[in-house]
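Here's a quick briefing to read with the structure open beside you. Have a look at the fold first, then work through the points below.

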Amino acid sequence: MRSITLILLNDALPFTILWQQLTDQRSRIGERTSMTRKIRLCSRADVPAAGMLPLDIAGLPPVAAFDVGGEIYVTSNVCTHNVALLSDGFFEGDTIECPLHGGCFNVRTGEATQFPCEVPLQTYPVIVEGGDLYTEIKDH
Ligand code: FES
């Protein structure tokens, strides 16, 4: 019994080292190939004050831009409870209410704030540059 244990340990040691080397190599490759891409969304002036604007942009799922006190936030435009476009709903302050079942989200954080919504919305970083709005997404 003792000799079997030794054989396993001897076999396991090189495998462990090899596995660690492969894992390190994979994470280095991941770092090199993970790049961000900047995508123009619209003109800043297109988003109405205290309002919202649905956006259909190549390379992105449906998103919507929201003006909250002059700050722009961009989230997915599709409710996480079922399939409904949030921009068909009611927007006030920093809350978008889904037109289908009345679930709500905070557009600044994506947090689901009203049942039946429980899964947060995807949010996107917003870059304001030269009067235009951009976002950045990671390419893999
Ligand atoms: S689809 Fe939005 S709350 Fe149900």
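What follows covers confidence, overall make-up, one sheet and the core. Keep in mind that this is a predicted model. Mean pLDDT for the protein is 85, and 75% of the residues get to 70 or more.

**Where to be careful**

- Residues 1-10 stay under 50 in pLDDT, and the model gives that stretch 0 contacts beyond four places in sequence.
- Residues 26-32 also stay under 50, again with 0 contacts beyond four places in sequence.
- Where pLDDT is low, the predicted coordinates shouldn't be read in detail.

**Overall make-up**

- Count up the secondary structure and you get 1 helix and 11 strands.
- The helix comes at the start of the pattern, with the strands after it: α-β-β-β-β-β-β-β-β-β-β-β.
- Of the 140 residues in the protein, 21% are buried.
- Take the contacts between residues at least 6 apart in sequence: 38% of them join residues at least 24 apart.

**A three-stranded sheet**

- One open sheet has 3 strands in the order β1-β11-β10, and the pairing is antiparallel.
- Its edges are β1 (35-43) and β10 (127-129), each of which pairs on one side only.
- On average, neighbouring strands here are turned by 35 degrees against each other, ignoring direction.
- β1 and β11 (residues 132-139) run antiparallel and are joined by 8 bridges.
- To find your way along that pairing, start from Met 35, which stands opposite Asp 139 in β11.

**The nonpolar core**

- The largest nonpolar core is made of 22 residues.
- Ala 64, Ala 65, Phe 66, Val 74, Ile 96, Phe 105 and Cys 117 have the most contacts inside this core.
- At least two core residues come from each of β2 (52-55), β3 (63-68), β4 (71-76) and β7 (104-106).
- β3 makes the largest contribution to the core, with 4 residues.

**A closer look at Ala 65**

- Which residues does Ala 65 touch once you leave aside its neighbours within four places in sequence? The list runs Leu 41, Cys 42, Val 47, Met 52, Leu 53, Leu 55, Ile 72, Val 74 and Leu 133.
- One of those partners, Val 74, is also listed with Ala 65 among the core residues with the most contacts.
- The sheet described above turns up here too: Leu 41 and Leu 133 are both in contact with Ala 65, with Leu 41 lying in the 35-43 span of β1 and Leu 133 in the 132-139 span of β11.

Methods:
Residues numbered from 1 in each chain as written. Predicted model: local features only at pLDDT ≥ 70, side-chain atom pairs only at ≥ 80, totals over all residues. Core = buried A, V, L, I, M, F, W, Y, C linked by C-beta atoms within 7 Å. Buried ≥ 20, exposed ≤ 12 C-beta atoms within 10 Å, placed from the backbone. Contact = placed C-beta atoms within 7 Å. pLDDT = per-residue confidence, 0-100. Pairing = 2+ DSSP bridges. Axes fitted to C-alpha atoms, helices over the stretch in contact; angles between N-to-C directions.
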